[in-house]
Amino acid sequence: MFENKTEAQAREEILSMVAEYADRFHNQKKDFKEGDRIPYASRVYDKNEMVNLVDSSLEFWLTSGRYTEEFEKKFGEYLQVKYCSLVNSGSSANLIAFMALTSPLLGERRVKRGDEVITVAAGFPTTVTPAIQYGAVPVFVDVTIPQYNIDVTMLEKALSEKTKAVMLAHTLGNPFDLQAVKDFCRKHDLWLVEDNCDALGTKYVIDGQEKFTGTIGDIGTSSFYPPHHMTMGEGGAVYTDNPLLNKIIRSFRDWGRDCVCPSGCDNLCGHRFDRQYGELPLGYDHKYVYSHFGYNLKATDMQAAVGCAQLEKFPSFVERRRHNFERLRAALSDCEDKLILPEAAPNSAPSWFGFLITCKEGADRNRIVRHVEEKGVQTRMLFAGNLTRHPCFDEMRKEKKGYHVVGTLENTDRIMADTFWVGVYPGMTDEKIDYMAKVIKEGLVL
């Protein structure tokens, strides 16, 4: 098939066939019929992702390479942030973001075992897991409804002499009160980590300037798991404007090494064999000097290749999510006697991940959810509901140590009992949005 062709010509022919295959066998539009399954999230892609994926596989570099470099550069440019590191998942991104704060390079500001991190229990566990596994102490405060984010009036009450950081997620695209949280962190010299995994593309006006969420704190994180705002299958990112934090982030991602040479590159610093590190022999190979207890959390270049194609589409994804959210909210506006509908945080333009609904007295969440699911619409809870009530906290609850709760978690418990959400991902049509509204209303009158 490839006789008398150069490698470049053969590759071009293969990629042309891949594009044709994708157009023929993927993303074929089907007319929506009532009762068809409507997932809460799904991949939205075309031939460009598939062509990039195969292009990378033909190169067979496999680990981080040219597509990784391209993605980190373009993703950073999109967010208007100086440094971006691609990793293998959003959970790994959160792990690295927290572990970076434990580095000895941060001096007195480093997080040590027993230090406290202010957060919430209404969310996804991997926002909290890194702190617990390290031996730091999460301090949980309640959230507000209908924004579903931290109650900032509790921040000062949660503060102690051991507090070193605030680590919070923006809930389903809706940002927490960044102005209040950022001012609190400035006042008390605390680190701020934004788990931006469910809010990529959200904008917030802080100090009179509009910025993307994830870029306002000291470190931001993203996830590229298939249901998220954009995907590369598995994958995540950690980003910051702080050069020291970036150095630490890269070290933790790349086995904990001191060297900054990318894969396949030697002696970028020019001092590979002439420096003294720790108690190692003078001139010990810098590529095998470790300044942190790190991991290998890099993504593959094939993942990055998909991400590069997704990033080109991403602004349109955000606009469609906003459109779908507003259409669904308008369709359910006459149900506010029975349902609490979500509200955007002041000074924000959310990139909605989902549409949260809290049932009022007389509206049974379980009954509504069962009906909606039976009609083909996929639903989700707000992740853990109240994380402290899960089995993973059994030992800590019994021993009454390892975490603190400040005030009550009244709203958190209500979310656990009365709240669910449906999707607004960009592949949804107006027909699907209208159908979701219809079946939710039906569930209210059963």
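**View 1. The whole chain holds 13 helices and 14 strands.** Helices (H or I, at least four residues) and strands (E, at least two) are DSSP runs, numbered from the N terminus. The radius of gyration of the chain is 23 Å, close to the 22 Å that the globule rule gives for 446 residues, so the chain is as compact as a globular protein of that length. That radius is taken over C-alpha atoms, and the globule rule is 2.2 Å times the number of residues to the power 0.38. Of the 446 residues, 53% are buried; buried means under 20% relative accessible area, exposed over 50%, and partly exposed in between (1.4 Å probe, protein chains only). This is a predicted model, in which local features need pLDDT of at least 70 and side-chain atom pairs count only at pLDDT 80 or more, while totals for chains, interfaces and linings use all residues. Residues are numbered from 1 along each chain as its sequence is written, and side-chain values use heavy atoms, with hydrogens and water left out.

**View 2. Here is the largest nonpolar core, with 33 residues.** A nonpolar core is a set of buried Ala, Val, Leu, Ile, Met, Phe, Trp, Tyr and Cys residues joined through side-chain atoms within 4.5 Å. Ile-150, Val-166 and Val-181 have the most contacts inside this core. Elements that give it two or more residues include strand S2 (116-120), strand S3 (137-141) and helix H7 (178-188). The largest share, 4 residues, comes from H7. Apart from this core lies another one of 29 residues, among them Cys-335, Leu-341, Ile-368 and Ile-433.

**View 3. Ile-150 and its surroundings deserve a closer look.** Which residues does Ile-150 contact, leaving aside its neighbours within four places in sequence? They are Ile-118, Val-120, Val-141, Asp-142, Val-143, Leu-155, Leu-168, Phe-176 and Val-181, where contact means heavy atoms within 4.5 Å.

**View 4. Strand S3 is mostly covered, with 5 of its 5 residues buried.** Val-137, Val-139 and Val-141 are buried on one side of S3, and Pro-138 and Phe-140 are buried on the other. S3 runs parallel to S2, joined to it by 5 bridges; two strands pair if DSSP finds at least two bridges between them. Pro-138 is the bridge partner of Val-117. Between these two strands the chain passes through helix H5 (residues 129-134), making a right-handed β-α-β crossover. Right-handed here means that, with the strands pointing away from the viewer, the path from the first strand over the helix to the second runs clockwise. S3 also runs parallel to strand S13 (residues 404-405), with 2 bridges, and Val-139 stands opposite His-404.

**View 5. Three strands make an open antiparallel sheet in the order S10-S12-S14.** Strand S10 (339-340) and strand S14 (419-423) stand at the edges with a single partner strand each, so one side of each is left without a neighbour in the sheet. S10 pairs with strand S12 (residues 354-359) over 2 bridges, and Ile-340 stands opposite Thr-358 in S12.

**View 6. Some backbone details in the loops are worth a visit.** Most residues other than glycine have a negative phi, and most peptide bonds are trans. A cis peptide bond, with omega about 20 degrees, joins Ile-145 and Pro-146; Pro-146 sits in the loop between S3 and H6. Phe-60 has a positive phi of about 60 degrees and lies in the loop between helix H2 (47-59) and helix H3 (66-79). Is Phe-60 buried or exposed? Phe-60 is exposed, with a relative accessible area of 61%.
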